[in-house]
Amino acid sequence: STMEVVSVEEVPSWLEGGHLPALHMSTLQSWKQNGPRNLNIEECTDFCDPNVLANIISKKSIFDSLDGEEMRRARTRSNPFETIGKGIFLNRAAMKMANMDRVFDFMFTSPKTQTEEPMVKKDELLYFADVCAGPGGFSEYILWRNKWRAKGFGFTLKGENDFKLSDFFSGPCESFEPYYGSKGDGDVFNPANIESLMHF
């Protein structure tokens with residue numbers, strides 16, 4: 001029998017598009033559409049095959065009958081890295097961010113130009129925005145990695161999924177500022193909120 005080999009070292013495989021012409025801003029803006037929110041995922045087939053989507057939804061429904069403990073056990077069995085947990089951070093999302101940052105040569109916390117020059121100078125702050133970000137694991141990781149040399153702005157729904165700044169034990173929450181848009185609710189589907197975030 002063959003055994004699955006699980007490697008801790010991950011190597012990204014990049015899509016190459018340098019041979020294609022750059023898209024003009026007017027083209028990008030022409031793609032944008034504002035309209036009513038559609039909460040029925042079965043109808044969201046503009047960018048995928050409807051049969052594939054229906055098959056995924058059908059297969060995923062098997063999890064609906066599992067209780068919380070059964071779901072956690074299944075998740076742990078299917079992904080050995082689940083046992084790592086949240087580490088020193090407030091949740092597992094921070095660990096996922098740490099993994100992505102390492103795999104992509106710290107491009108999120110120490111970005112470089114194409115000539116390998118630091119994009120953030122020694123006397124500058126790394127500014128970042130974390131959208132749909134509650135409770136804030138990604139931001140906590142970035143602040144842990146950069147300490148006081150970063151300033152984050154977070155945007156998420158107010159309420160039960162809001163930022164939990166009091167649980168930022170590893171990164172300085174004083175360097176993080178939540179923002180909920182002009183409507184004050186953090187709803188990314190409201191164009192007025194997104195517009196105000198751009199000017200915040």
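**Helix α5, P191 and the overall fold of a predicted chain**

User: In which helix is P191 found?

Analyst: In this predicted model, the place of P191 can be read from the secondary structure, where the run covering residues 191–198 is a helix. The helix in which P191 is found is α6.

User: Is P191 buried, partly exposed or exposed?

Analyst: Burial would require a relative accessibility under 20%, and exposure one over 50%. The value for P191 is 45%, so this residue counts as partly exposed.

User: How far apart in space are P191 and G181?

Analyst: Along the sequence, P191 and G181 are 10 residues apart. Taken from C-alpha to C-alpha, their separation in space is 9.6 Å.

User: Why is helix α5 described as largely enclosed by the rest of the structure?

Analyst: Helix α5 spans residues 137–146, and its burial can be judged residue by residue. The buried residues are G137, S139, E140, Y141, I142, L143 and N146. Helix α5 is largely enclosed because the buried residues number seven of the 10.

User: Which elements do the buried residues of α5 pack against?

Analyst: Among the buried residues of α5 are Y141, I142 and L143. The packing partners of this buried set include a helix, α4 (92–103), together with strands. In full, the elements are α4, β1, β2 (150–155) and β3 (176–179).

User: Which residue with a positive phi follows α5?

Analyst: Just after helix α5 comes a residue whose phi is near 55°, a positive value. That residue is K147.

User: Where in the chain is confidence highest?

Analyst: The chain averages a pLDDT of 90, with 98% of the residues scoring at least 70. Confidence is lowest in helix α3 (residues 68–78), where the mean is 84. At the other end, a mean of 96 marks the highest confidence, in strand β1 (residues 126–131).

User: What pattern does the secondary structure follow along the sequence?

Analyst: The secondary structure of the chain comes to six helices and three strands. Read in sequence order, these elements give the pattern α-α-α-α-β-α-β-β-α.

User: What distance separates the centres of domain 1 and domain 2?

Analyst: The domain assignment places domain 1 at residues 49–79 and domain 2 at residues 92–199. With the centres taken over C-alpha atoms, the two domains are separated by 29 Å.

User: How far apart do the centres of the positive and negative side chains lie?

Analyst: The chain carries 22 positive and 29 negative side chains, and each set has its own centre. The distance between these two centres is 4 Å.

Note on methods. Residues numbered from 1 in each chain as written. Predicted model: local features only at pLDDT ≥ 70, side-chain atom pairs only at ≥ 80, totals over all residues. Heavy atoms only, no water. Domains from an automatic or database assignment. pLDDT = per-residue confidence, 0-100. Helix = DSSP H or I, 4+ residues; strand = E, 2+ residues; numbered from the N terminus. Lys, Arg positive; Asp, Glu negative; His and termini not counted. Charge placed at Lys NZ, Arg CZ, Asp CG, Glu CD. Buried < 20%, exposed > 50% of the residue type's maximum accessible area, 1.4 Å probe, protein only. Contact = heavy atoms within 4.5 Å.
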